[in-house]
Amino acid sequence: QAALQAKPPVGPWPSLAAMELYGSLAAVAIEPDWPANPRTVRPGMPDGWYRAIAVSSFNAEDDRELMIEQDEALYVSGDDETPPGWVFAMRTNGATDEGGLVPRSYLAAEDVSVVA
């Protein structure tokens with residue numbers, strides 16, 4: 001009922017702020033921020049694994065999940081079947097390895113180079 005009674009937005013649509021946001025997203029998609037020197041990019045890991053950095057801390061809620069700290073480096077399996085929105089990540093601490101499910105949105109994959 002409230003949606004039917006809502007008044008349309010005042011001013012141009014889409015807003016100037018939305019147009020600027022969409023423009024910046026399109027610019028990044030058209031001209032990605034490639035590294036200046038491809039030799040400085042870490043090579044990919046074998047068997048579907050890649051390195052990622054935690055963009056935020058995550059507290060595990062059950063024993064299948066892995067607690068992570070912001071800015072922590074983790075190894076992520078790109079091949080393991082996981083629930084939608086989740087990935088299997090490993091933390092290596094010398095002699096002990098810990099692994100578990102982490103929300104995909106909490107991780108940012110490092111840039112990798114692909115050699116054909």
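Modeller: A salt bridge is a side-chain nitrogen of Lys or Arg lying within 4 Å of a carboxyl oxygen of Asp or Glu, and we shall apply this rule to a model that is predicted.

Biologist: What makes the contact of Glu-98 with Arg-91 a salt bridge?

Modeller: The closest N and O atoms of Glu-98 and Arg-91 are 2.9 Å apart, and the limit is 4 Å, so this pair of a Glu and an Arg meets the definition and is called a salt bridge.

Biologist: Which other residue forms a salt bridge with Arg-91, and at what distance?

Modeller: Glu-72 does, with its closest N and O atoms 2.3 Å from those of Arg-91, which is again within 4 Å, so the name applies here too. Glu-72 sits in the loop between β1 and β2, whereas Arg-91 belongs to strand β3 (residues 86–93), so the pair ties together parts that are 19 residues apart in sequence. Glu-72, Arg-91 and Glu-98 are thereby linked in a network of salt bridges.

Biologist: Why is Arg-91 called buried?

Modeller: Its relative accessible area is 9%, and buried means under 20%, so Arg-91 falls into that class. Glu-72, at 15%, is buried because its value also stays under 20%. Glu-98 has 36%, which lies between 20% and 50%, so Glu-98 is called partly exposed.

Biologist: How do you know that Arg-64 and Asp-62 form a salt bridge, and how is each side chain classed?

Modeller: The N to O distance between Arg-64 and Asp-62 is 3.3 Å, within the 4 Å limit, so the pair qualifies. Arg-64 has 56% relative accessibility, which is over 50%, so Arg-64 is exposed, while Asp-62, at 29%, is partly exposed because its value lies between the two cut-offs. In the whole structure, three salt bridges are found.

Biologist: What makes you say that β1 and β2 pair?

Modeller: Pairing needs at least two bridges, and strand β1 (residues 49–54) shares five bridges with strand β2 (residues 73–77) in the antiparallel sense, so the two count as paired. One of the partnerships joins Trp-49 to Ser-77 in β2.

Biologist: How do you know that β1 also pairs with β5?

Modeller: Three bridges join β1 to strand β5 (residues 107–109), and at least two are needed, so these antiparallel strands pair as well. Here Ile-53 has Ala-108 in β5 as its bridge partner.

Technical notes
Residues numbered from 1 in each chain as written. Predicted model: local features only at pLDDT ≥ 70, side-chain atom pairs only at ≥ 80, totals over all residues. Heavy atoms only, no water. Helix = DSSP H or I, 4+ residues; strand = E, 2+ residues; numbered from the N terminus. Buried < 20%, exposed > 50% of the residue type's maximum accessible area, 1.4 Å probe, protein only.
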